[in-house]
Amino acid sequence: MQNVIEANGLKLAYPQHEPVIKNATFTVKSSEFVFITGASGSGKSTLLKSFYGVIPPFGGSLIVGGVDMGRVRSSKLYKLRRHLGVVFQDYKLIKEWNVEKNVTLPLMIAGFSKDVSRTQAKKLLAHVKLSHKSDRYPMELSGGEQQRVAMARALAHNPFLILADEPTGNLDEYSSQVVWELLERANQDLKTTVVVVTHRIPEVLNIPYRHLMIENGAIYEIH
Ligand SMILES: Nc1ncnc2c1ncn2[C@@H]1O[C@H](COP(=O)(O)OP(=O)(O)OP(=O)(O)O)[C@@H](O)[C@H]1O
């Protein structure tokens with residue numbers, strides 16, 4: 001199985017601060033579903049951000065989808081990001097755009113034609129059961145509905161890797177379950193690699209997964 005993420009002695013730090021991740025060595029293989037847990041402030045979000053190139057390695061090496069994140073040029077990083085799906089706790093929808101545009105535009109940016117993008121966006125909005133709200137703006141939706149739009153946006157271009165930062169942190173039980181089911185289905189049906197950082201692994205998960213934990217700047221395999 002191919003490695004989707006390869007970290008070797010990875011160190012991550014914010015300028016003028018002690019490293020948050022001091023020495024992380026691990027791999028994530030294609031089609032795996034991986035949870036990364038750790039205490040508040042342990043570096044979960046920092047580590048996830050390094051996977052999509054917001055925080056470059058301060059030491060060691062990090063390779064994501066074959067791209068060396070320590071040496072990557074912005075054009076190549078931009079290209080890599082077009083093949084990732086990223087989900088945040090606070091949804092990060094564009095509030096000036098309606099639901100359909102929030103899902104369609106990233107597809108167009110990823111290089112799909114307008115027609116293909118609109119068809120795919122409609123299909124994904126039906127998949128997350130929000131076709132009837134495609135004209136609404138994010139502020140007119142509940143938190144759970146906004147996260148389902150964010151999931152449609154993250155899944156629509158069939159990314160090889162989904163990165164989720166506490167994706168159900170703000171959601172009730174029903175919406176959380178929908179989000180976990182969507183991530184499970186992407187992983188099981190499409191063989192998409194999924195990496196989720198969270199305080200707590202959900203009890204509702206029905207698939208095998210790996211559990212990594214950050215402690216004192218290092219990363220440990222729990223199972
Ligand atoms: N922009 C920044 N500049 C300096 N330090 C930062 C910055 N962002 C985060 N940190 C620090 O890095 C450490 C790790 O933060 P991070 O957000 O990765 O932790 P986390 O495990 O995701 O926490 P939580 O579970 O509370 O969200 C914390 O000590 C935090 O204060």
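The following legends describe close-up views of a predicted model.

**Figure 1. Residues surrounding the ligand in the predicted model.** The shell around the ligand consists of Tyr14, His17, Val20, Gly38, Ser40, Gly41, Ser42, Gly43, Lys44, Ser45, Thr46 and His199. Helix α1, which spans residues 44–51, supplies the largest share of this shell, namely three residues. Classified by residue type, the shell around the ligand holds nine polar, two nonpolar and one charged residues.

**Figure 2. The largest nonpolar core, with Met151, Ala152 and Ile162.** This core has 55 residues, and the members that touch the most others are Met151, Ala152 and Ile162. Helix α5 (residues 143–155) provides the largest share of the core, with six residues. When residues up to four places away in sequence are not counted, Met151 touches Val87, Val128, Val179 and Leu182. As a general background to this view, nonpolar side chains in soluble globular proteins tend to be buried together.

**Figure 3. Antiparallel pairing of strands β1 and β4.** Strand β1 comprises residues 3–12 and strand β4 comprises residues 59–64. The two strands run antiparallel and are joined by five bridges. One of the residues to inspect in this view is Lys11, whose bridge partner in β4 is Gly59.

**Figure 4. The hairpin formed by strands β4 and β5.** Strand β5 covers residues 67–68 and pairs with β4 in the antiparallel sense over two bridges. Within this pairing, Ile63 has Asp68 of β5 as its bridge partner. Two residues lie between the strands of the hairpin, and Gly65 in the turn adopts a positive phi of about 55 degrees.

**Figure 5. The hairpin formed by strands β9 and β10.** Strand β9 (residues 210–215) and strand β10 (residues 218–221) run antiparallel, with four bridges joining them. Ile219 in β10 is the bridge partner of Ile214. This hairpin has two residues between its strands, and Asn216 in the turn shows a positive phi of about 50 degrees.

**Figure 6. The annotated span of residues 5–222.** An unreviewed UniProt entry carries the annotation "domain: ABC transporter" for residues 5–222. In the predicted model, the end C-alpha atoms of this span lie 18 Å apart. Helix accounts for 33% of the span and strand for 25%.

Note on methods. Residues are numbered from 1 along each chain as its sequence is written. This is a predicted model: local features need pLDDT of at least 70, side-chain atom pairs count only at pLDDT 80 or more; totals for chains, interfaces and linings use all residues. A residue is near a molecule or strand if its C-beta atom, placed from the backbone, lies within 6 Å of it. Ala, Val, Leu, Ile, Met, Phe, Trp, Tyr, Cys and Pro count as nonpolar, Asp, Glu, Lys and Arg as charged, and the others, Gly among them, as polar. Two strands pair if DSSP finds at least two bridges between them. A nonpolar core is a set of buried Ala, Val, Leu, Ile, Met, Phe, Trp, Tyr and Cys residues joined through C-beta atoms within 7 Å. A residue is buried if 20 or more other C-beta atoms lie within 10 Å of its own, exposed if 12 or fewer, and partly exposed in between; C-beta atoms are placed from the backbone. Two residues are in contact if their C-beta atoms, placed from the backbone, lie within 7 Å. UniProt positions are given in the numbering used here, feature names are shortened, and annotations may be inferred rather than shown by experiment.
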